[in-house]
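Work through the exercises below with the sequence and the coordinates side by side. Try each task before reading its solution.

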Amino acid sequence: MSIKAPSTRGWRPPPLISDPRLRWLIIIGVVVYLYFALSSVNINVERLIRGLDRGSRMFAGFLQPDFTTRWRDIQAGLIESLTMTVVSTVIGIIISIPIGFGAARNMAPMPIYLFCRGLITISRTFQEVIIAIVFVVMFGFGPLAGVLTLSFATIGFLAKLLAEDIEEIDAAQVEATRTTGASWLQTVTYGVLPQVSPRLVGLSIYRFDINLRESAIVGVVGAGGIGATLQTAFTRYDFDIASAILIIIIVLVMITELISSYIRRRLQ
Amino acid sequence: MLRLEQIVKKYPTGDHALRGVDLEVPEHQVMALIGPSGAGKSTLIRCINRLVEPTSGRIWLKDLEMVSLNARELRRARRRIGMIFQEYALVERLTVMENVLSGRLGYVGFWQSWFRRFPQTDIDHAFMLLDRVGLAEFADKRADALSGGQRQRVGIARALIQQPDLLLVDEPTASLDPKTSRQIMRLITELARERNLAVIINIHDVPLAQMFAQRIVGLRQGTLVYDGTPEGLTADRLTDIYGEENWEGQFKAEEDLSTEEQAQIADARRFDPVV
């Protein structure tokens, strides 16, 4: 009597790309590309070391933030940034609401819908910094360009999210409002607005704290606010002052984020 | 009071929902519209206040022809037609009072409604109706805090504050338990009688329809196939409306009722004979 040995059948997971020729072509292609890409970057060890040296000096500066020497400039920049944030958020919200309604498929006829969607797409395509550069070129340095930039960016953000919210509302509530003989505007304010208003408020507050952060960035390209002060400090190698500004921005953003998340939680 | 002439509705999808419906509803009559799902019941009552545009036909509300109205005239005409919905269709985030007062939107200007400055007479009327449906102390509660039956009561108050001539009721009890369903149906029919309204109730529950309506109209595939008394709705007639089925047991419901309830039903029907 012989015991039958169990047949040994090997197993390996099937490869991601089943065709071995294609698989190896891709692997070799990636390696060759990486080789050429790396050799074109020109990694210069000497420069790296010098950079590290400069970095450590910058860090040393950062460890001793100087709030006092340029406090007036910092204060002016801060106030300008906050003003830009408030003004641009308010303008942005006011413009976003009608555009948001226009961009909701269940609210607007096709031509208006396409127009509003187009506006939103344009606003969302370009990063704030690019828009800021355009506005700085158009209207010169200063907070006006910053306000325009942030307002424009707010529209893309708020109108899009509002429109998507409106598209998901309960149509029965709108229909019921319409049946009473309400006008279009009344139907919107009674049937639609209550359904989207908590989210509208939440998004607006969220956008406020995004705008505060962005106001520091657009300042770097000349659109006013604390970013401009920060940029000046860097170009003068005043790392201690830059450090002070960065700390203030961090604290400010943290505070608004705390407030905004608290309010949004309360809104359910 | 209400007269439909050859109402046809073809949806763009090719769906032939109504195939020439003629119907007349006199003042203070409670009429139940029954029929299988997809028979066109919802479409029919929505054609009356033109939430759905009829493809052809004419609708007379007293002397007013509804189909030919422009947008402005239509809004004025809609004020005379109250509507009660399946799943209540209250604006969830508004208060009970705001929901009731929204029935007056056709009568107040935009800014008045925006700031909730409704005329005192409307507010008095609203409180009276809330009292009547038993929700006076809920006036400032948000609508989404109420139970199903309570919500439908608010829906009834919202429809009635319009002081309509005609009440359209779309599946009022579809999402309610049997007891609440009866209470809601009783409330609607009582209030309609108090206010001399013509009522069209679109309903799936045949025994409930027989219990509370004076007249039953059956719709099948967009055509009227029954128009008569609740008693006349025999198994054969039900087959005409819904198709072949064993209807035994369908008529039990009424026999099971207490004598008190039977008396109430008889009372409700006695009020107005069927045309």
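The exercises go from the whole of chain A to single residues in chains A and B. Keep in mind that this is a predicted model.

**Exercise 1. Fold and dimensions of chain A**

Task: Determine how many helices and strands chain A has, and set its radius of gyration against that of a compact globule.

Solution:
- Step 1. Count the elements. Chain A has 10 helices and 0 strands.
- Step 2. Write the order. From the N terminus, it reads α-α-α-α-α-α-α-α-α-α.
- Step 3. Take the expected value. For 268 residues, a compact globule would have a radius of gyration near 18 Å.
- Step 4. Compare. Chain A has 28 Å instead.
- Step 5. Check the extents. The C-alpha trace spans about 95 × 70 × 40 Å along the principal axes of chain A.

**Exercise 2. Burial, contacts, surface and charge in chain A**

Task: State what share of chain A is buried, then describe its contacts, its surface and its charges.

Solution:
- Step 1. Burial. Of the 268 residues in chain A, 40% are buried.
- Step 2. Contacts. Take those with a separation of 6 or more; 75% of them join residues 24 or more positions apart.
- Step 3. Surface. The accessible surface of chain A is about 16300 Å². Carbon and sulfur atoms hold 69% of this area.
- Step 4. Charge. Chain A carries 23 positive and 18 negative charges. Their mean positions lie 9 Å apart.

**Exercise 3. The setting of Ser96(A)**

Task: Locate Ser96(A), decide whether it is buried or exposed, and find a partner for its side chain.

Solution:
- Step 1. Place. Ser96(A) sits in helix H3, residues 71–102 of chain A.
- Step 2. Burial. The relative accessible area of Ser96(A) is 1%. The cut-off for buried is under 20%, so Ser96(A) is buried.
- Step 3. Polar partner. The Ser96(A) side chain reaches the backbone oxygen of Gly92(A) at 2.6 Å.
- Step 4. Neighbours. Leaving out residues up to four places away in sequence, Ser96(A) touches Thr154(A), Ile155(A), Leu158(A), Ala159(A) and Leu162(A).

**Exercise 4. Ala153(A) and Glu128(A) as a pair**

Task: Place Ala153(A) and Glu128(A) in their helices, and find which residues each one touches beyond four places in sequence.

Solution:
- Step 1. Helices. Ala153(A) belongs to helix H6, residues 143–167. Glu128(A) belongs to helix H5, residues 128–139.
- Step 2. Burial. Ala153(A) is buried, at a relative accessible area of 8%. Glu128(A) is buried as well, at 11%.
- Step 3. Contacts of Ala153(A). Beyond four places in sequence, Ala153(A) touches Ser123(A), Glu128(A) and Arg207(A).
- Step 4. Contacts of Glu128(A). With the same exclusion, Glu128(A) touches Thr149(A), Ala153(A), Arg207(A), Glu214(A) and Val218(A).
- Step 5. Cross-check. Arg207(A) is among the contacts of Ala153(A) and also among those of Glu128(A).
- Step 6. A distance. Ala153(A) and Leu38(A) are 115 residues apart in sequence. From C-alpha to C-alpha, they are 36 Å apart in space.

**Exercise 5. Positive phi in chain B**

Task: Inspect the phi angles of Gln6(B) and Gln163(B), and say where each residue lies.

Solution:
- Step 1. Gln6(B). Its phi is positive, about 50°, although Gln6(B) is not a glycine.
- Step 2. Setting. Gln6(B) is in strand E1, residues 2–10 of chain B. At 43% relative accessibility, Gln6(B) is partly exposed.
- Step 3. Gln163(B). This non-glycine residue also has a positive phi of about 50°.
- Step 4. Setting. Gln163(B) lies in the loop between helix H6 (148–160) and strand E7 (166–170) of chain B.

Definitions and conventions. Residues are numbered from 1 along each chain as its sequence is written. Chains are lettered from A and ligands numbered from 1 in the order in which they are written. This is a predicted model: local features need pLDDT of at least 70, side-chain atom pairs count only at pLDDT 80 or more; totals for chains, interfaces and linings use all residues. Side-chain values use heavy atoms; hydrogens and water are left out. Helices (H or I, at least four residues) and strands (E, at least two) are DSSP runs, numbered from the N terminus. The radius of gyration is taken over C-alpha atoms; the globule rule is 2.2 Å times the number of residues to the power 0.38. Buried means under 20% relative accessible area, exposed over 50%, partly exposed in between (1.4 Å probe, protein chains only). Contact means heavy atoms within 4.5 Å. Accessible areas come from the Shrake-Rupley method with a 1.4 Å probe; for residues, only the protein chains shown count as cover. Lys and Arg count as positive and Asp and Glu as negative; His and the chain ends are not counted. The place of a charge is taken as NZ of Lys, CZ of Arg, CG of Asp or CD of Glu. A polar contact is a pair of N or O atoms within 3.5 Å; within protein, one must be able to donate a hydrogen and the other to accept it, and residues adjacent in sequence count only if both atoms are side-chain atoms.
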